[in-house]
Every structure is written in C-alpha cells, then in structure tokens.
Amino acid sequence: MPGLGARLGRGGATTFEQDLEHSDCIVVMGSNMAENHPVAFRFALAARERGARLIHIDPRFSRTSALADTYVRIRSGTDIAFLGGLINYVIQNDLYFADYVRHYTNAATLIDEGFQDTEDLDGLFSGYDPDSRQYDIASWQYAGARGERSSQEHAQSGAGHTNESPDTAQQQRGAGFAKEPWPPPRDETLQDPRCVFQLVKRHFVRYTPEVIAEICGCTVEEFLDVARALTENSGPERTAAFCYAMGWTQHTVGVQMIGTAALLQLLLGNIGRPGGGILALRGHATIQGSTDIPTLYNLLPGYLPHPSTEQPHATLADYLRVQTPRTGWWHHTPAYMVSLLKAWYGDAATADNDYLYECIPKTTGDLSIMPMVQAMKDGKIAGLFCLGQNPAVGAQDAHLVRLGLANLDWLVLRDVFEIETAAFWHNSPEVKRGELDPATIKTEIFMMPAAVCAEKNGTFTNTMRLVQWHDKAVDPPGDARSESWFISHLGRRLKELYKDSIAPRDRGFQALTWDYRTEGAHQEPVIEDVVKEVNGWTVADRKLVGGFADLKDDGSTACGCWIYSGIYPEEGRNRARDRQGDDWVSLGWGFAWPANRRILYNRASADPSGKPWSERKRYVWWDEEQKRWTGYDVPDFPVAKAPDTPLDPDGVGVDAHAGSDPFIMMVDGRGWLFVPTGLKDGPLPTHYEPIESPVENRLYGQQTNPVAKTWPRRGNRYIPRGDEDFPYVITTYRLTEHHTAGGMSRFLPWLAELQPQGFVEISTELAGELGIANGDWVTVSTPRYQAESRALVTDRLKPMRVRRRLVHQVGMPWHFGYQGLATGGIANNLTALVADPNVSIHESKAFMCNVTKGRLRR
C-alpha cells in the first residue's frame, strides 16, 4: 500500500480494469497478467487490438509475454534499475509532461539544506544510523520544516523511528506538517539545486541505458525500445498505464519498486487520467478488502493507524494530535476515528471516557507473520486461529512454520480440506524425517469445516476497489459454516464469558456492540446488517449516512470503515448489489471506494484552469456554467471548488489547497516525486540488490537495502554474494490452474489434473550443464531447507550475462505441498525470513539456491 500511498495519497489502484481499453501503451511488469489476472487482461488485449502497444517485462517468458507486442527479459530483483533508467531517459530528453509536473507534483518544492543523496553517500541517504539500521528523516523534509517540529512529532512522522510497518498514507500525514510555514517554499523555474526536480534528476543520472543493460541483463536496444514506446504514448493527447502484482511487492525493496512506477507516471502526466494510472493487480478475491477493513496488524479500518506503544498514542487526544495534519483530506481523521469507536462500542463510548479508545490493544512492534512464527517456535504464543490460510505451505521458511505449529498449545483451523497446516503433525517432511515426533507434539488442533463462496452471502472487494455482492446459492453441507457465522457466534460467546468480569482488560468485550440479527436454521448473521454498520449512521436515530462527508468527530455518528461509507446510503439500497454496467465507466455496477470513484485523482485529468488536457482524453472537467466539477466519473475533488481558488495559508483540510491541487489526500495537494516523510528506506527509489544476489551492486557500494528487516538466527542463514554452493537465482510464481497455497485447488480432481504435480522450471542451457532431462526428479536447496520436484526444461527461461558473469535463473510455483491430489515440493521451504522495512512483506521473487539431479535422501 505505501508504494502508491506515499506518492499519491492512497494505496489502492489508481484506475480500473475496463479503462485499460483507453490506454495507448500498457506496460505489464511484475506480473504474469494473462495467467494470474485473465479477466483484467482481456481489456489489455482489447487495447492492443485498437492499436495500443502492449509490453511485458519479466524474468520469465509466459503467456503474457506471448501475447505482448514486446517482451523484455530482466534479472529478477532489478526492476528499480530498469524503471530508474526510464526516469533518467524521460528527464534527460525533456520528455516529461512539463505543465503537469510543475502544477501537480512537488517538483518545485525545496528540500532541507542538510539532505544528502545516495550520490554523495555511496548508496545511503543522510540520516542513516548504522547501529540501529534506521534513518532519521529530519534532513529529508521540506525547507523550513525542521525547525517547526518537535522531536516527538519527528519521531512519529519518520518511519525509521519505529519497528512497526504502518501504511505510508497514514505516516505522511504526520502532525508536524501542521506547524510548517505554509505553503512550503518552491522554485517554479525548477532550477534551484535544492528543488525536488533537480534532486530527482541528479539521483537518476547514473541510470544510463548502458548501466541498465549491465544490471538487468537486457540489451540497450530493448531498454530504449520500451523508453520510446512509453514516452511517445504519454502527454496531453496520449496516456500509458502500468500493471503490476506480486512480482513487484515481494522484495526487500518492494514498496520502492511500486513507488518508482508512481514517480515515473507522475513525470509523464499519466496519473488521474483515462488510459493511464497504475493498476495494482490483487492476487485473489477480496485481497483489496482485506487491507481496507483490514486483516493487517498495524491498521484499523480505512487505513487509520493502529495505536502503538512506540508512538505517543496514550490517549485519544494524543493519537489525534499525532495523526491529524492541518492540511489535506486526512484533516478529517478525528471524525473517522471517533465514528469507528462509536460503531464498535456504541452507547458505552462517550466523550467523557475517550470513546473507550483505551480498549483498543496497542501494538508493541512488528507483529507480522515472520516474527510471529519465531515467537511460536520460542513458546511465546500459546494459540493460533488460522482462517483460510495455509502457512505450512504459504509462509516464508515454511519448515520453521511447521516447527512453530508443533510448539503451540492449540490451533484452530477453518478450511474446506485437511490442508498442510492441519496435517503438519502426522504427514509433514519433519515427521517423516524424524524431526518431529507426533507422540510429543502438544498442539491440540480444532479443524472447523468452512463454507465456500457459493454457500454464503457477502462481498468481494477486487483490484479496482470495487465492492460486489454475492448471494448464497445453497446451504453449506453438514457442519460447514461461514466465517461470519464463526466470528459472530465466537464474539457472542466471549461477551457472555466476560460479562461479569471486573478486570479492566475485559471492558472492551463487555462494551462491544454485537447485536447482528441472525437468519435461517444455522442462525447465520444477516450480512447486510454488517454492511450498514460499515456504511455508518447517525447515532440518535440510526439513519444511514450518505457518505463519509457526513461523519462527525463529536460522537453523533458511527461508521465501521469510513472509506466504504456510501455503500449503503439509505434503507433498501445496497450499492454493492448494483448491476447496471453497460457504459464505459459503469458507475452503476457495484460500489468503488471512495465515493464510487473509478479513477482516483481525476482532477488531474483537467489542466489547472479546469479544461481537459485534450478532447481525446477528457474525463473530469470544470463546468463554468454550473460552477461545479463534472464528467464521466465522481470527481475526486471538492465538487464546487473552482480551479482558480487560491490556497488559504491559514486554512485547514483541503481549504489549504488551491483549486489546482488534485491530490487531496496529500498534505500539499500534490503528487510526491520526492517523499519527505512516510518511507523507512529513502525519499527516492534506489537500486539495491536482493539480500541474496549473484553479483555486486553496480551503482553503489551499499549492496542491499540498508534498513531491510532481517532475522539472522535459528538456521535462517542468508547466502553471501558469490557463494558457489548456491549459484542460481530462483523466483517463485503462481499458476492459472492453482489457487494460492493450494487449499482450494489441489484437492479437487478436475482442477488438480490440470497441473497434477509440482515442478521446477529450468532453462535448456542449465539442464544441459547439470545433465537433467525434462521430467527428472531434482532437488532445490538453500541453507534453510530443501524441496524436491520434477524438472520442467524450457526455453521460457534463459541465462543472461550480468556483470561479466553468466547468471542462471530458475522458477518454482509456490502452490504445492504434501497433501491433496496434486503434490510437489514446497517452494517456501527455501525462502528466508527477510522483509521490506515498510510493510514486512517477504522477498520470495529473488533469492539464491542450488539445483541438483535426483530426489531428497530419506
């Protein structure tokens, strides 16, 4: 989420799938879109049929590559270098959209005199502390800001001062901005050496085509072909789009990879415009919704930061002081937070008791799955609920996961089949090899049968932030129940259990509003009651609010997730059920948060005066006669704010923005080429090698991300550069025929037969070196563990010359395990515990391994 949120204001996709048809150029990078997102990919193909250029950049030739006009092979983990080369090409050749950049980005804003770039510090930014491996971001600030902040506020807004991984959109709205001189100083000529544009230009100057070819393994001609296609299809009359997925996120620089694309698209003027933007392709049903509501440990619904002991969040007043900026839309944070507390605690939450803010447990550090697994192994976690997850296959260092599961007191699983996480105690490799003895495993496992999609009511929130309702077709069989049934009845029982407790810690259970109606023989909760609570209502009469603009900070409104407000604006109108979608934008099909907008930041589709940049790319514009913004979409802008409205230096919220500032979520209303606050690893993207790499960093002495999260203990050894025992680059990926960790596909005969066995994809050249034939058994190993599978010898992977060294890459799907009908080696047995510093996502797209012919020794 911070990859886009840090520069644009929200972490969601900026556009929607259908709009790809209006692109003049589409770059698919970090994704095998044709196989993993085939429904969305059909719009990319429709654009190609209309004459758009379709480009695929990826380490592996796939079905997406076969359908693209241009395929460029790069080494896994070098995407920032390739994108940085495009940025350098755009700037050096004056191919950026100058008016867009000057008016809609922070290109002209001056940065603190103390800032030093990677060019000065050989791959580091100013403020780096080698002892803590963290950054003090004071020197990254806008000019004049440093002296206006207290040290406490600096610590809050600077991500380097915490081990948490908050969404960047929440960090960049730190209260320190409220005390800065407003507006921040700018040089509209873009010539001042301290202005953002000049800093960006200098930062990327060494990313030349020749250097990019040397780092990435492509040719100079291939790189220049992409650069020309992208720039020739960007500007007032033409727009280009990027599509990415896990190939960009699962790296120790994953957030910065995405941010590099956002920076490039801002330079080209492709954000907020039809046919442009960045489409963040979500991996499976309602992954977007899982971050919105959320299932993340460090966020509350709607991307409000979770209270933390490492921040000055002791009271609600403290929390709001730290998290609420004076300028930008996040100035409304108090209304969203108080309304959330009222939704959770109802009448028990009052102004006198801080709306029971104290009942929210505070996070104490990194509580993501990688430290959680280590805590399980250390006996610090007694029990685990595992709902719709299969960490024994899907989590990093899956071998350690299974050892950790064996050290729990209890494990509650909800799934359709007996997945590996349920069977670790009797069927895992550790049991077969004697590492685990079922007689000594203390874990008590409760396997709860789960209903599948067609057996329950509910919603999905998909890639384009679109919430769609699905109706139950049949009742689930036997004892199978929905997640909502399980959670609602568990909550009811816990409230009953704690109703007479006098312990302060149980006050939250006692106050929790848990009055959902039930229906049917199984007493399923009425899901539309939940949707109404998410939408929000006025407390006095429970009248549904029309949208988040109606929410208040005085306790008079309740709302379960402010960004979804408007999904159920009146009785009998569930907009997730809307099914009128014949036109291009399809505003009558489902509900896209926020406010049913399909293209975010769409004020940028018009020029500063409010007129479309071109008739061909008109989308949202100012209607002078009606004195309001209009067009094909819901304006992502105050609808009656005229384009010539000046900013108010003393204003609050979006009143501090001018009528030409389209990025309303940002404190200054502009897209950020340079990120002064909100990222832990630098204000500008920088090429670092993966933690495990075959070559040294071509650009800097700093080899890897200096603040990447590492846990170098308990056998979690990292492979040093040049280790001949592990000479090959490995990347993991998905298949069309299987779903995530295999729990819903490997057990079904009609799906399992499509990909009946796991495999390791290796090039014909490497197979020849190792004496491996197609279909042979091979063993893949790392210092963490091993996995065996069949060899798929193919020309889809090719060795490449990188830094005068021949680099072989292999690929391994991560769906397979030892349960079910389609089995195979577990790819995540091989991966290390290492993560991006901003969001704690793992690095499984680029690490090192060895491949040998033959099976594992038993």
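Cysteine 386 is buried in this predicted model, because its relative accessibility is 4%. How far is the sulfur of cysteine 386 from the closest cysteine sulfur? The distance is 20 Å, with cysteine 453 as the partner in question, and that is too far for a bond. A disulfide, after all, is a covalent bond between the sulfur atoms of two cysteines. The count for the structure comes to zero disulfides. Cysteine 849 is buried too, with a relative accessible area of 0%.

**The parallel sheet**

Strand β10 covers residues 383-387, and it belongs to an open sheet of three strands in the order β10-β11-β12, with parallel pairing. β10 and β12 (444-449) are the edge strands, each pairing on one side only. From one strand to the next, the twist averages 10 degrees. If you would like to follow the register, β11 (residues 410-415) and β12 pair in the parallel sense over six bridges, and arginine 414 has methionine 448 in β12 as its bridge partner. Helix α23 (residues 483-498) packs on this sheet and touches β10, β11 and β12. The direction of α23 makes about 145 degrees with that of β10.

Helix α21 (residues 420-427) also belongs in this picture. Six of its eight residues are buried, so α21 is largely enclosed by the rest of the structure. Which residues of α21 are buried? They are Glu420, Thr421, Ala422, Ala423, Phe424 and Asn427. These buried residues pack against the strands β10, β11 and β12, and also against α19 (391-394), α20 (398-405) and α22 (429-432).

**Antiparallel pairings**

Strands of a sheet pair through backbone hydrogen bonds, either parallel or antiparallel. The antiparallel sense appears in another open sheet, made of three strands in the order β13-β14-β22. β13 (458-461) and β22 (591-592) stand at its edges with a single partner strand each, so one side of each is left without a neighbour in the sheet. Between β13 and β14 (residues 466-470) there are four bridges, and threonine 459 stands opposite tryptophan 469 in β14.

Strands β23 (residues 620-623) and β24 likewise pair in the antiparallel sense over four bridges. Valine 620 has glycine 631 in β24 as its bridge partner. The two strands form a hairpin with four residues between them, and lysine 627 in the turn has a positive phi of about 60 degrees.

Beyond the hairpin comes aspartate 636, placed in the loop between β24 (628-631) and β25 (709-710). Is aspartate 636 buried or exposed? Aspartate 636 counts as buried, because its relative accessibility is 0%. Leaving out residues up to four places away in sequence, aspartate 636 touches Arg10, Arg597, Leu600, Tyr601, Asn602, Arg603, Pro662 and Ile664. Three arginines may catch your eye in that list: Arg10, Arg597 and Arg603.

**Aromatic rings**

The count of aromatic pairs comes to 35. Two stacked pairs are set out here.

| Stacked pair | Centre to centre | Angle between planes |
|---|---|---|
| Phenylalanine 115 and phenylalanine 125 | 6.2 Å | 25 degrees |
| Tyrosine 336 and tryptophan 562 | 4.0 Å | 0 degrees |

Phenylalanine 115 lies in the loop between α6 (98-104) and α7 (118-121), and phenylalanine 125 in the loop between α7 and β4 (128-129), so this pair ties together parts that are ten residues apart in sequence. Both phenylalanines, 115 and 125, are buried. They also belong to one aromatic cluster, formed by Phe115, Phe125, Tyr128, Tyr135, Trp140 and Phe674.

The other pair links distant parts of the chain, 226 residues apart. Tyrosine 336 is in helix α17 (residues 333-345), while tryptophan 562 is in the loop between β19 (557-558) and β20 (579-580). Tyrosine 336 counts as buried because its relative accessibility is 2%, and tryptophan 562 counts as buried at 5%.

Charged side chains meet aromatic rings as well. Arginine 579 lies over the face of tryptophan 589, at 5.0 Å from the ring centre. For arginine 855, the charged end sits over the ring of tryptophan 777, 3.8 Å from its centre.

Conventions: Residues are numbered from 1 along each chain as its sequence is written. This is a predicted model: local features need pLDDT of at least 70, side-chain atom pairs count only at pLDDT 80 or more; totals for chains, interfaces and linings use all residues. Side-chain values use heavy atoms; hydrogens and water are left out. Buried means under 20% relative accessible area, exposed over 50%, partly exposed in between (1.4 Å probe, protein chains only). Contact means heavy atoms within 4.5 Å. Rings of Phe, Tyr and Trp (its six-membered ring) pair if their centres lie within 6.5 Å; planes under 30 degrees apart count as stacked, over 60 as edge-to-face and the rest as tilted. A charge sits over a ring if NZ of Lys or CZ of Arg is within 6 Å of the ring centre and within 35 degrees of the ring normal. Two strands pair if DSSP finds at least two bridges between them. Axes are lines fitted to C-alpha atoms, for helices over the stretch in contact, and angles run from 0 to 180 degrees between N-to-C directions. A disulfide is a pair of cysteine sulfur atoms within 2.5 Å.
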